[in-house]
Amino acid sequence: MKQDNFDELLRRSGLKNTKTRSAILEILEKSEQPVTAEQVFLELKNKQISANLSTVYRTLETLAEKMLAKKLNISGDSRAMFEYNRLVHRHYLVCLECKKIIPIDFCPIKNYEKTLEEKTKFKIAGHKLDVYGYCPDCQNKIQE
Ligand SMILES: [Zn+2]
Ligand SMILES: [Zn+2]
């Protein structure tokens with residue numbers, strides 16, 4: 001996405017466009033995986049943009065509040081992770097060993113929601129599902 005689009009996104013969300021904010025949005029957008037505040041902080045450093053870790057954290061929180069980013073709280077891990085809000089519904093595979101998080105595009109619950117609504121008369125608003133296990137790298141390490 002072009003830099004102008006990030007400016008536009010920030011302005012539409014009522015946020016002032018700062019170099020740090022648009023740079024953080026760009027980092028989130030380019031990243032295939034959810035990232036921690038520390039990772040964003042290091043990326044900014046690579047781009048020669050100076051911001052301290054607490055500013056990065058606050059900015060991520062603000063972006064999440066404005067729905068420009070999504071904050072993920074994966075249970076069992078105290079670090080919050082953030083990803084660009086692509087407005088798609090996603091589930092994650094989480095490695096219990098190295099804490100790697102891999103998005104899954106497929107949602108196995110969607111059809112089941114309809115069945116549940118019919119059965120229970122609930123109006124279902126959403127669901128959360130994360131799948132835990134050990135990634136191939138960690139399986140190899142464990143076997144060694
Ligand atoms: Zn792993
Ligand atoms: Zn789902």
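This passage describes the nonpolar cores, a helix pair and the zinc site of a predicted model.

The interior is a good place to start. In soluble globular proteins, nonpolar side chains tend to be buried together. In this model, the largest nonpolar core comprises 24 residues, and L28, V40, L44 and L63 have the most contacts inside it. Two or more residues each come from α1 (3–12), α2 (19–30), α3 (37–46), α4 (53–65) and β2 (81–84). Of these elements, α2 gives the most, with 5 residues. A second core, separate from the largest one, has 6 residues, among them L72, I74, Y92 and I101.

V40 offers a helpful view of how the largest core is put together. Leaving aside residues up to four places away in sequence, V40 touches I24, I27, L28, V35, V56 and L60. V40 also takes part in the meeting of α3 with α4, where A37, E38, V40, F41 and L44 of α3 face L53, V56, Y57 and L60 of α4 in contact. The axes of these two helices, α3 and α4, come within 9 Å and cross at roughly 115°, and the crossing is right-handed.

Turning to the metal, the zinc ion (ligand 1) has four cysteine sulfurs as its protein donors: the SG atoms of C95, C98, C135 and C138, at 2.3 to 2.4 Å. Along the chain, these donors follow the spacing C-x2-C-x36-C-x2-C. The angles among the 4 donor atoms run from 104 to 116°, and the site is tetrahedral. Two of the zinc-binding cysteines, C135 and C138, are buried.

Methods: Residues are numbered from 1 along each chain as its sequence is written. Chains are lettered from A and ligands numbered from 1 in the order in which they are written. This is a predicted model: local features need pLDDT of at least 70, side-chain atom pairs count only at pLDDT 80 or more; totals for chains, interfaces and linings use all residues. Side-chain values use heavy atoms; hydrogens and water are left out. Donors are N, O and S atoms within 2.8 Å of the metal (3.2 Å for Na, K and Ca); water is not among the atoms, so sites may look incomplete. Four donors count as tetrahedral if all angles lie between 85 and 135 degrees; four count as square planar and six as octahedral if opposite donors are over 155 degrees apart and all others between 65 and 115; anything else is irregular. Buried means under 20% relative accessible area, exposed over 50%, partly exposed in between (1.4 Å probe, protein chains only). A nonpolar core is a set of buried Ala, Val, Leu, Ile, Met, Phe, Trp, Tyr and Cys residues joined through side-chain atoms within 4.5 Å. Helices (H or I, at least four residues) and strands (E, at least two) are DSSP runs, numbered from the N terminus. Contact means heavy atoms within 4.5 Å. Axes are lines fitted to C-alpha atoms, for helices over the stretch in contact, and angles run from 0 to 180 degrees between N-to-C directions. A crossing is left-handed if the near helix is turned anticlockwise from the far one by less than a right angle, and right-handed if clockwise.
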